[in-house]
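Hi everyone, thanks for coming. Let me put the structure up on the screen, and then we can walk through a few parts of it together.

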Amino acid sequence: MSSENNSEEEAVKNPPYHKETQTLALQTEEKITQTEKILGPEKWTQTNEKDFRKAEALFKAKTSASKKKLKPIPSGDDPQSTLQTDLTMKVAQAPPPPLSEKDDDDSLIQQLSTLSTSSQPDPPPSQPPPESSQPDPPSSQPPPESSQPDPPSSQPPPESSQPDPLSSQPPPESSQPDPLSSQPPPESSQPDPPSSQPSGSSQLDPPSSQPPPESSHPDPPSRPPPESSNPDPLSSQPPPESSQPDPLSSQPPPESSQPDPLSSQPPPESSQPDHPSSQPSGSSQLDPPSSQLPPGSSQPDSKSADEKTRQKELCERILNAGPLQIIGDSQISFSQFYADFCKKLKESNLLAEIEKEFMAINNDFDRIKMVLRFEEIKNLTIPVSNSKSEEYAKVLEEEYNSFSSTEDREQLKTGLKLINRSIQFTPDTPEKNLAVRLMKRAWTNLMLSKFEEAKEDANRSLKLHSDISDMWNSCEVLGHSYANTGENHAAQGFFESALEGLRSSKVDQETKAVATARMVSVYKFIKGRVDIEIPDNPIENLDTPSVSFGINRILKCATEAVHVKIDEKTGRGLYAKREIEPGDVIMVEKPYVSALNLPNFETHCNNCFKRFKTPVPCDACSRVWFCNEMCLEEAKDGFHSSECPVLNLLYDKTIGSMGIIAFRIMFKLTWENTKTLRICRKIDTRLPDSDPLHMEFKFNSREKYHTDDYLTTYKLVTNAQKRLSFDLFLKSIIAVYIMQCLKVVDFFKGDDVSYDDEIFIASLVLRHLQSSLCNSVSITEYLVKSSDTGLPEHLHVAEGIYPTISLLNHSCDPNVFRYCVGKECVVLAGKTIRKGEQLLDSYGTSFVMEEKDIRERILTPLYYFECDCIACKENWPLNKNNKVILLLLNWENIKTLRICRKINTRFPDSHPLHMEFNLKQKYLSDDYLTTYKLVTNAQKRNFDDLLKRSIIAVYIKQCLKLVDFFKGDNVSFDDEIFVASLILRHLQNTSCNGHSITEFVVEESFMNNVKIIELGGGIYPTISLINHSCDPNVFRYSIGKACIVRATKTIGKGEQLLDNYGSLYSIIRREVRQKILAQQYLFHCDCLACEENWPLFIDNIVYMKLVCPEENCDQIIEYNKDDKLSCISCGSKKKHGKLLREIRSEIIDFEEGLGSLRDGLEEPAIYNFKSFQMYVEKHAIPPSKCLMDGQETLRRCFLVQGNLYQKETES
């Protein structure tokens, strides 16, 4: 009994909301059930709200001793914030149903009462069933026969007798009352079944762990139900046989009516066809989910253990078969055909003769003609199969049901894979089958807290089948999903639609009561709450940049800054017509054709190549996915509708990834255009491989080079003359195979083509099989982890043909790089490219990633050339950490930088390499070059200074040798000199650019007896960009080792930021300041404070200097906190009085800030000081004492936030 109660308790769990919602749902359901038990169904239907409250009190009194024990609810955050944590995407496309005008709690309670009028459920699982004179029979035995069985009826049953589409039990007795009737059911002497569920009903599992019941319902049968008493819903015995199976039953039909889909034996003959079209209108082929029974209960299924094992094995085979391999497909693949063909050739001892003859051929047409001499190739047939299967869809769905009745996420993910494959196998008609399976996937996504995915699938299911009485579960999923994302208004509308559909549905009354309680509890919880605004996801809307410097007049996808030149060694290539800076956009090109790589079929859309969340299957095959209906229609209008029957054949492992590319090139070209180009002699595969027609392009204003022009793809290099005979022989056979696939999909459009025409098409395919391998560009996706600080990994999602990008030649040290936005490929400059310099891309190998010998082994077999770039010539070292510059410079990095010519101490001190930095590149403190290029002032230093520093540099170099800086390398004398010269450089630039790490010491208060001590020093390359002034507008302080720079004045747009190098005019006289700056920084300061020789703070007796407020007076007024403000020219007028009041008000605020600072309240003090500082900057003339006061107090407020030491005062 305890396990049964646990199962029942598990069955009424609620979705993953806040615990208050779960408790409310359980209590609401318990109240309804117990109130019915107390008052009886007749009284229950007559009670109004007041009676309900009385019944509730009565219920509490009678059930206090056996009250259900709920799980403890931990205290948490605000429930609204819990409901609205996952804000990921916008509202789903389908608009929410409108809210009804009367949506208060009273109406919902009345809905609850109405739905429970006709059922009298057993006590809740927390209480034992009431004692009965007849004990419950064991679940393994069939139920006892009723004392008064219903006689068979000769009339069709009323609507109320039709089978429950959500129930896993056989149809209830024909005497069952109308589920929506307010009259109580007729009494029956039939004993209660052992389950806590009423006989013939099915309890809807809550969304926390269970998938939804199938809301579909078949039409009433055209004949009376079988004569039998209502069986035990938990009995393991099979139901009584029937002449017609229930299309929604979870039990298999009798052997005479439907074959076992897993059986290898042919089905017995039957008068009932099993095709979906033979089902009655409105019926469903889908079995109800196993979650109709409580978890842990046995599923009433007549399948034997062997049948269930075979079903599980079949599902595993389907899931493990791969996206393009369907069980039942022909096993005669191209790989098998080619292996058998090669075996026959070896046995015939003709290989040497065939190879010799094949090597003598110099054009693609004759190569195809030769391989067609073999009868096996000439008579090659293409196996085509239809991959849609309702039989497989049902088997997968049944297996999904066993994985969905759990809260374990891994089990749910497995169930998601099964229902995904079931959806993929589902035929497009009847649409209701697909709608119900989409609803199940939506429910599973809801269990996994993927609310946006649940919205998409629920909306799709409603579009396919809009009858709310059947699809009320989809509305409920939408309600729960919108509630979780904080869109409470939409959630209320969907809950109301779900309740309306539930009322008109034909499910049993207990299911209605439980589902209503579940929805009403959440509805009450979200009612009246404000919607949360959902931000846009920037990743979903990526923009493609425009090319820099305008569009090229000839190369329509490239910038005007490049042009094509032909070199004798490297062939045609792109060269710069002007200087191109890093980051400039060189090309933006869409592919002529592209195709998704096979490993990404289960994760990426087959049309746009983006990752999908809730994929849409093809309506003709079960091999591919699309991210939405728009991509599906676009693919059908393009390639997919034609390639659907042969797609699995084109991805054969022996054919390789370029087979589908060559197929799509031909399909885009079309047979009509092929005939036109051949007649015009634009293409001719009979000509030798070296003929100029295959490669030459004029690149002039009359002949544009455009991606959509087939000739730009046709004239891509093939390297046919460099290929081995074996490679060409294999590709020729593949070309014939692909030509046969083109015939299958009606490429010739019914034309009566000649044998010569077929050879020509196959020869074009052969050309593209060669050129695509050398010119295809990977469409990539970068994977960046939030905690990853290194370079992102990139995934090769698809391959495409980009004729303009293919004009770029290769280098292992490229000066351009590529990235993709969807299918579009963007090429940007990675370095400064001088005028006349060639643009160089990387064909997948880089000196920083692979050793030279590995790069050679990759490039030679694929591209048939030996790279002679500078990285290969000088054999640049591999950077194992994929970072050329490190924070801690070591010997390996010094060698790399020296080889790459990033640093060179042999150059003169004034050489640009030592100082110039391209500010379009990132300026990072961790980049050694930002430190290397700091100013040294070497040309301004005297002989003694440089001699001393040179000796110190050699001394430090010797110290480095002692600590094994060279890591055991046998370094030369020249290497030691180079390292010492680097040290000498840093001995010079650190003295000019070092910054103190400080600590603010307070002895008494923040305004008295304070000082700043230097804890140490550091090199901060970015802060070193700030120049000096004795009257700075920024200041620095330290937090640990970090240096913080803050503004102490208002800095206008375009105004230079000025720091102080330790010589403030307010504390150091001008002569001393100039001496310090000249000795350490080797320059003479000409700031305003030095030019006008402003007085020290202690010598400044004027608190504020002001310009007379009168319009025609430019007299300077000195104000020293007097009671009167007057001008020696104008006297004291009205404007002077107004200005005086403003100044006094600001001074009062300033003094309040001082009080706050003494009390340790920095934030209010900062506010007052900033306001005072902005006012005096606007009105006071430097060097007024008030300006010094404002800057110093503001500075001390921020110093307190850094390194601070407060000394305790002695008593």
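Let's start with an open sheet of three strands, which has the order 4-8-7 and antiparallel pairing. Keep in mind as we go that this is a predicted model. The edges of this sheet are strand 4, residues 594-596, and strand 7, residues 776-783, and each of them pairs on one side only. If you ignore direction, neighbouring strands here are turned by 35° against each other on average.

Now, how many bridges join strand 7 to strand 8? There are eight, and the two strands run antiparallel, with strand 8 covering residues 793-801. If you'd like one pair to look for on the screen, take Y782, whose bridge partner in strand 8 is H794.

Next, the helices that go with this sheet. Helix 21 lies across strand 4, strand 7 and strand 8, and runs at about 140° to strand 4. Helix 25 lies across strand 7 and strand 8, at about 40° to strand 7.

These two helices also meet each other. Helix 21 is residues 658-669 and helix 25 is residues 755-775; their axes come within 9 Å and cross at roughly 130°. Helix 21 and helix 25 are therefore oblique to each other, and their crossing is right-handed. On the helix 21 side, the residues that meet helix 25 are M658, G659, I661, A662, I665, M666 and L669. Facing them from helix 25 are I761, L764, V765, H768, L769, S772 and L773. What classes of residue make up this contact of helix 21 with helix 25? It has 11 nonpolar residues, three polar ones and no charged ones.

Let's move on to another sheet. This one is also open, formed by three strands in the order 3-11-10, and its pairing is antiparallel. Strand 3, at 585-589, and strand 10, at 816-821, stand at the edges with a single partner strand each, so one side of each has no neighbour in the sheet. From one strand to the next, the twist averages 20°. Strand 3 pairs with strand 11, residues 824-829, in the antiparallel sense over four bridges. Here's a pair to find: M587 has V827 in strand 11 as its bridge partner.

Now please scroll back along the chain to another helix pair. Helix 15, residues 468-484, packs against helix 16, residues 488-504, at an angle of about 160°, and their axes are 7 Å apart. That angle makes helix 15 roughly antiparallel to helix 16. Which hand does the crossing of helix 15 and helix 16 have? It is left-handed.

Many residues take part in this contact. From helix 15 they include I468, W472, L478 and Y482, and from helix 16 they include A491, F494, F495 and L502. By class, the contact of helix 15 with helix 16 divides into 12 nonpolar residues, seven polar and one charged. Among the helix 15 residues in the contact you'll also find E476.

One last stop, on salt bridges: the count for this model comes to 46. Let me show you one of them. D470 forms a salt bridge with K432, and the closest N and O atoms are 3.4 Å apart. This pair links distant parts of the chain, because D470 sits in helix 15 and K432 in helix 13, residues 431-447, with their positions 38 residues apart in the numbering.

That's the tour. Happy to go back to any part of it!

Terms used. Residues numbered from 1 in each chain as written. Predicted model: local features only at pLDDT ≥ 70, side-chain atom pairs only at ≥ 80, totals over all residues. Heavy atoms only, no water. Axes fitted to C-alpha atoms, helices over the stretch in contact; angles between N-to-C directions. Parallel < 35°, antiparallel > 145°, perpendicular 65-115°, else oblique. Left-handed = near helix turned anticlockwise from the far one by under 90°. Contact = heavy atoms within 4.5 Å. Nonpolar A, V, L, I, M, F, W, Y, C, P; charged D, E, K, R; others polar. Pairing = 2+ DSSP bridges. Salt bridge = Lys/Arg side-chain N within 4 Å of Asp/Glu carboxyl O.
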